[in-house]
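Below are some notes on one part of this model, set out as numbered points for a colleague at the bench.

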Amino acid sequence: MCSGSNSIIQAQKLVDQLQIEAGMERFKISLTAADLVQYCQEHRRSDPLLTGISASSNPFKDKKTCVLL
Amino acid sequence: MRSPPIPEMATQEVQLNETLAHLKTESDTLKTKLEEERAKLHDVELHQVAEKVEALGQFVMKTRRTLKGHGNKVLCMDWCKDKRRIVSSSQDGKVIVWDAFTTNKEHAVTMPCTWVMACAYAPSGCAVACGGLDNKCSVYPLSLDKNENLAAKKKSVAMHTNYLSACCFTNSDMQILTSSGDGTCALWDVESGQLLQSFHGHAADVLCLDLAPSETANTFVSGGCDKKANVWDMRSGQCIQSFETHESDINSVRYYPSGDAFASGSDDATCRLYDLRADREVAIYSKESIIFGVSSVDFSLSGRLLFGGYNDYTINVWDVLKGTRVSILFGHENRVSTLRVSPDGTAFCTGSWDHTLRIWA
């Protein structure tokens, strides 16, 4: 009977989990997507990979530097 | 003469089957209800909401540094908060700390196992965590003395019953989150090695995880071989949301910078975006010409760009809002296995099976 009661425990867990997920409050994509877009727009100027910052401000880009001999 | 069946056992079995059948019906009903609820909110596509957003121009991104030194496939890397140091781990059993500006190696540790699949930098910059086929996650404090043997101070923190696939410090050096081939994720106290919380729910190996960006959020997302991405409450151990739209293993998950969404990369050759408040997938980043799996994904600082490292040796750059590819980057000579954008967003680093790491900007 051990495997039988295990199956029941598993099945009950699944039902409990689904009940938690079903009870969640959800919002329409038109609203949530608007927030995603807004975040991008608000932060676009401070995104170096997006705007492409100059060599002088990006430590990884090569600059024309003087060499100290 | 036939012996009659023992009455008690027969009734028990019947009851068992009835209960199981009842539970099955209940779970099926709930699953259908979930699908209906999610469908109701699908009133528009993300790229439609983003129609008025300016299109992106041409991107010129090149390899600016190549880090050479590993003797075999690079499997994982992580940035230090100082935006210049990087830790990487490899199939050769070595974990190396690099200064990405100069490409110098600052520390190297040889692990007792090969396939070090996971590594992470501590928030303080004073330690690194790593693990893989040893089923453990160990923390190595980084010494200022280059001659000191780092392995001597090693602290074993996590113990899983299968390989360690990913690890990540939480907001401090004191706790580590791990994911494993044993199908679970776990939260550990670094000092004592104590298990603080375990997360059960994946039906197969968990391959990746990412912590929610906000300090108050207390959630993380994980992805696995069961094709599911699960969002977890760190305090209760409860799975609070689950997404199953990928058609194969999920190799990488990464939160959108606002914390309201996350991206995933899969062996099904697609990246997807899941909106946490709408509780559904809202974008798929794919092309017919892209047929190889995605190993790792990360967002640029504003969330507008999604970088994906692929098994066909390339990096595809996607416009997150419009769903289109804006660039494809070549350079690696084997699979890209790991990819992370630097903390200040000035560059991103990739690690590859070609034994090297590259910094792109």
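1. A hairpin of 5 residues connects β10(B) to β11(B), where strands are DSSP runs of E of at least two residues, numbered from the N terminus. This is a predicted model, in which local features need pLDDT of at least 70 and side-chain atom pairs count only at pLDDT 80 or more, while totals for chains, interfaces and linings use all residues. Residues are numbered from 1 along each chain as its sequence is written, chains are lettered from A and ligands numbered from 1 in the order in which they are written, and side-chain values use heavy atoms, with hydrogens and water left out.

2. Strand β10 (residues 164–169) of chain B pairs with β11(B) in the antiparallel sense over 5 bridges, pairing being accepted if DSSP finds at least two bridges between two strands. Within this pair, B:C168 is set opposite B:L177 of β11(B).

3. On to the next partner: β11(B) is also joined by 5 bridges to strand β12 (residues 184–189) of chain B, and these two run antiparallel. Here B:L177 stands opposite B:L187 in β12(B). The hairpin of β11(B) and β12(B) has 3 residues between the strands, and B:G183 takes a positive phi near 90° in it.

4. Is strand β11 of chain B largely enclosed or not, and why? Of the 6 residues in β11 (residues 175–180), 5 are buried, so the strand is largely enclosed by the rest of the structure; buried means under 20% relative accessible area, with a 1.4 Å probe and protein chains only.

Conventions
Buried means under 20% relative accessible area, exposed over 50%, partly exposed in between (1.4 Å probe, protein chains only). Helices (H or I, at least four residues) and strands (E, at least two) are DSSP runs, numbered from the N terminus.
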